[in-house]
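User: Please take a close look at one part of this model. I want the cysteine pairing and its surroundings, set against the chain as a whole. Keep it brisk.

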Amino acid sequence: MKKLLSLILIAAFLLSFAVINVSAACSLSVSASKSTVYVGDSFTVAFTFTGSSPVESADVNIQFDTSKFQYVSISGGLGGLQTNVSGKTVIISDYWTKNTANTSKTYKITITFKALAVGSGTISVNSSDIGDADFISLGTPTGSTTVSVKQENKSSNANLKWLTVPKGCTLVPAFSKDVTNYTCTVPGTVTSFPMDWEKEDPKATDAVSGSLALQVGENTRKVTVTAQDGTKKVYTVKIRRLQPEA
């Protein structure tokens, strides 16, 4: 009889332990804002923990590939977020700071990384301890995501989309992105020659040369467009200013 009673007590204890573990479940989702990025790009990774009870504390270690990514910043949390970046690990300690109890069963932090080199790298939670208001662990989930880094193909587009000149000047020939040499004759009353333009590729760079002020006779102004890959195109406008009337 005593043996039977002992077995019943042991079974009851094991059952209660199992119930505690079920109620203390916690899941984790890891989501990158982009699965593929280019060298130099910034991107974010969101870590969302969902417990069976409101979350009031979190200790999380996140590892990342330092040959591919650089840690930039972190946001979110419970209010008492403390972060230490040591080598390839982001060490996070966080707790609820408000006087009233937290009602959310979700704990979320977002980390911004910068892509450094071509290849694929993993960002992962390799350890965690998510707790409730009574300092009882809701779970220790782990998870990861992989982000691919590519080298952006550099454009060779050094074209202007359009080019405008002062009123009274008619470009010869009419502007075309494929034509780089133009002439223009202006009356003697025109003393300056401002130009405006737009590049076809916003990532190209541009520079203007030649005096804005016009002298009587021949003048030259140029717009040089440099594409991402270094290709250059120079648009040249030769302006002839007539002699002012007496």
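Analyst: Accessible areas here come from the Shrake-Rupley method with a 1.4 Å probe. On that basis, the protein chain exposes about 14000 Å². Carbon and sulfur atoms supply 54% of that area. Keep in mind that this is a predicted model.

The whole chain comes before the detail. The protein chain has one helix and 17 strands. Its radius of gyration is 33 Å, well over the 18 Å that the globule rule gives for 246 residues, so the chain is more spread out than a compact globule. The C-alpha trace spans about 130 × 40 × 30 Å along its principal axes. Of the 246 residues, 33% count as buried. Take the contacts between residues at least 6 apart in sequence: 65% of them join residues at least 24 apart.

Now the cysteines. The structure holds one disulfide. Its partners are C169 and C184, with an S to S distance of 1.7 Å. C169 lies in the loop between β12 (160-164) and β13 (181-186), while C184 sits in β13 itself, so the bond ties together parts that are 15 residues apart in sequence. Are the two ends buried or exposed? C169 counts as buried because its relative accessibility is 11%, under the 20% cut-off. C184 is buried as well, with a relative accessible area of 3%. Another cysteine, C26, is also buried, at 16% relative accessibility.

Next, the sheet that includes β13. Four strands make an open sheet, ordered β13-β17-β16-β15, with mixed pairing. β13 and β15 (205-209) are the edge strands, so each pairs on one side only. On average, neighbouring strands of this sheet are turned by 15 degrees against each other, direction ignored. At the β15 end, β15 pairs with β16 (residues 217-226) in the antiparallel sense, over five bridges. S209 has K222 in β16 as its bridge partner. In general, the strands of a sheet pair through backbone hydrogen bonds, either parallel or antiparallel.

Inside this sheet, V237 deserves a stop. V237 is placed in β17 (residues 232-241). At 1% relative accessibility, V237 counts as buried. Which residues does V237 touch, leaving aside its neighbours within four places in sequence? The disulfide cysteine C184 is one of them. L163, L171, Y182, F193 and M195 are in contact with V237 too, as are N219, T220 and R221. M195 is 42 residues away from V237 in sequence, yet their C-alpha atoms are 9.9 Å apart.

One of those contacts, L163, falls within the range of β12 (160-164). β12 pairs with β14 in the antiparallel sense over four bridges. W162 stands opposite E198 in β14. Side chains alternate along β14 (residues 196-199). W197 and K199 point to one face and are buried. D196 and E198 point to the other face and are not buried.

Elsewhere in the chain, there is a hairpin to set beside this region. β6 (residues 82-86) and β7 (residues 89-95) run antiparallel, joined by five bridges. Q82 has S93 in β7 as its bridge partner. Two residues lie between the strands of this hairpin, and G87 in the turn has a positive phi of about 60 degrees.

To close on the part you asked about: C184 is joined to C169, and C184 is in contact with V237.

Definitions and conventions. Residues numbered from 1 in each chain as written. Predicted model: local features only at pLDDT ≥ 70, side-chain atom pairs only at ≥ 80, totals over all residues. Heavy atoms only, no water. Disulfide = S-S within 2.5 Å. Buried < 20%, exposed > 50% of the residue type's maximum accessible area, 1.4 Å probe, protein only. Pairing = 2+ DSSP bridges. Rg over C-alpha atoms; globule rule 2.2 N^0.38 Å. Contact = heavy atoms within 4.5 Å. Axes fitted to C-alpha atoms, helices over the stretch in contact; angles between N-to-C directions.
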